[in-house]
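Me: I would like to practise reading a structure feature by feature. Can we go through one together?
Reply: Yes. Here it is.

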Amino acid sequence: MIGVLTALSLAAAPLAPQPTAPEATAESFLKAFKEMDEVRFDNFFAPDVTMFFPEGPFPDDRIEGRDAVLAAFHSFFKLVRERGRTSLNIAPVEQRMQVFGDVAVLTFELQGEETIGRRSIVFSRLGGDWRIVHFHASAVDK
């Protein structure tokens with residue numbers, strides 16, 4: 001009888017949480033970002049995306065529109081490749097995804113030698129897919 005009760009309690013136990021669509025999208029985005037895979041990377045951005053980049057070599061002002069945001073990223077990827085690197089060292093710390101219906105906000109930190117990078121990425125469900133509508137990147141001194 002104990003074996004049956006154990007089996008029933010295991011069957012009734014909740015399954016481990018499965019990643020939500022925005023979490024899976026965020027994971028895929030970060031992988032494409034790390035690999036500087038422009039083909040995959042570019043597909044994550046909404047047409048009207050806005051972005052605040054961290055300090056140089058990026059623009060200081062808010063960038064508006066997919067073409068402008070991607071142009072800045074592509075210039076950065078080119079600079080990194082010219083320096084002989086084939087990937088980026090992006091290791092999110094304290095990663096958190098908050099979902100509010102058709103909007104999701106991913107936040108995390110990046111540990112640098114002298115600074116802590118802070119990232120906030122806002123996703124919106126557009127046509128059944130999750131797309132980045134705003135990306136904020138900044139850094140604070142340690």
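Me: Let us begin with Lys31. Is Lys31 buried, partly exposed or exposed?
Reply: This is a predicted model, so every value here is computed from predicted coordinates. To read exposure, take the relative accessible area: under 20% is buried, over 50% is exposed, and the range in between is partly exposed. Lys31 has 46% relative accessibility, so Lys31 counts as partly exposed.

Me: Which residue does the side chain of Lys31 meet in a salt bridge?
Reply: Glu35. The N to O distance is 2.6 Å. Glu35 is partly exposed too, because its relative accessible area is 34%.

Me: Which residues are linked with Lys31 and Glu35 in a network of salt bridges?
Reply: Asp37 and Arg40. Asp37 and Arg40 form a salt bridge of their own, with the closest N and O atoms 2.8 Å apart. Check the exposure of each partner. Asp37 has a relative accessible area of 24%, so Asp37 is partly exposed. Arg40 stands at 31% and is therefore partly exposed.

Me: How many salt bridges does a search of the whole structure find?
Reply: Seven. One of them joins Arg131 to Asp129, where the closest N and O atoms are 3.4 Å apart. The cut-off for a salt bridge is 4 Å, so a pair at 3.4 Å counts. Arg131 is partly exposed, at 23% relative accessibility. Asp129 is partly exposed as well, with 38%.

Me: Now the fold. How many helices and strands does the chain have?
Reply: Four helices and six strands. Read the order next. Along the sequence the pattern is α-α-α-β-β-α-β-β-β-β.

Me: What share of contacts joins residues far along the chain, at least 24 apart?
Reply: Take the contacts between residues at least 6 apart in sequence. Of these, 43% join residues at least 24 apart. For burial, look at the whole chain: buried residues make up 34% of its 142 residues.

Me: Show me one residue at the low end of accessibility. Where does Ile132 lie?
Reply: In strand E6. Ile132 has a relative accessible area of 0%, so Ile132 is buried. Then read its neighbours, leaving out residues up to four places away in sequence. Ile132 touches Phe29, Phe44, Phe45, Ala46, Val49, Ile121, Val122 and Phe123. A C-alpha separation adds another view. Ile132 and Arg66 are 66 residues apart along the chain, and their C-alpha atoms are separated by 9.7 Å.

Me: And Thr25: buried or exposed?
Reply: Buried, because 14% relative accessibility falls under the 20% cut-off. Thr25 is in helix H2. Beyond four places in sequence, Thr25 touches Phe44, Phe123 and Trp130. Phe44 and Phe123 also appear among the contacts of Ile132.

Me: Which helix holds Leu79?
Reply: Helix H4. Leu79 is partly exposed, as its relative accessible area is 26%. Its C-alpha atom is 9.3 Å from that of Pro57, a residue 22 places apart along the chain.

Me: On to pockets. How much space lies in the largest pocket?
Reply: About 960 Å³. Next, ask what lines the pocket. The lining has 31 residues, and the closest to the pocket centre are Pro54, Phe76, Asn89, Leu110 and Arg119.

Me: Which elements each supply at least two residues of that lining?
Reply: Helix H2 (21–34), helix H4 (66–82), strand E4 (103–111), strand E5 (115–126) and strand E6 (129–141). H4 gives the largest share, four residues. Then sort by class. The lining has 20 nonpolar, six polar and five charged residues.

Me: Last point, confidence. What pLDDT does the chain average?
Reply: 88, with 86% of the residues scoring at least 70. Compare the elements as well. Strand E1 (residues 45–52) has the highest mean pLDDT, 98, and helix H1 (residues 2–12) the lowest, 46. Over residues 1–11 the pLDDT is below 50, and this stretch has zero contacts in the model beyond near neighbours in sequence.

Me: How should a stretch like that be read?
Reply: Where pLDDT is low, do not read the predicted coordinates in detail.

Definitions and conventions
Residues numbered from 1 in each chain as written. Predicted model: local features only at pLDDT ≥ 70, side-chain atom pairs only at ≥ 80, totals over all residues. Heavy atoms only, no water. pLDDT = per-residue confidence, 0-100. Contact = heavy atoms within 4.5 Å. Buried < 20%, exposed > 50% of the residue type's maximum accessible area, 1.4 Å probe, protein only. 1 Å grid on protein atoms, 1.4 Å probe; cavity = no way out; pocket = protein on both sides within 12 Å on 5 of 7 lines; lining within 4 Å. Points joined across faces, edges and corners; volume = space filled by probe spheres on them. Nonpolar A, V, L, I, M, F, W, Y, C, P; charged D, E, K, R; others polar.
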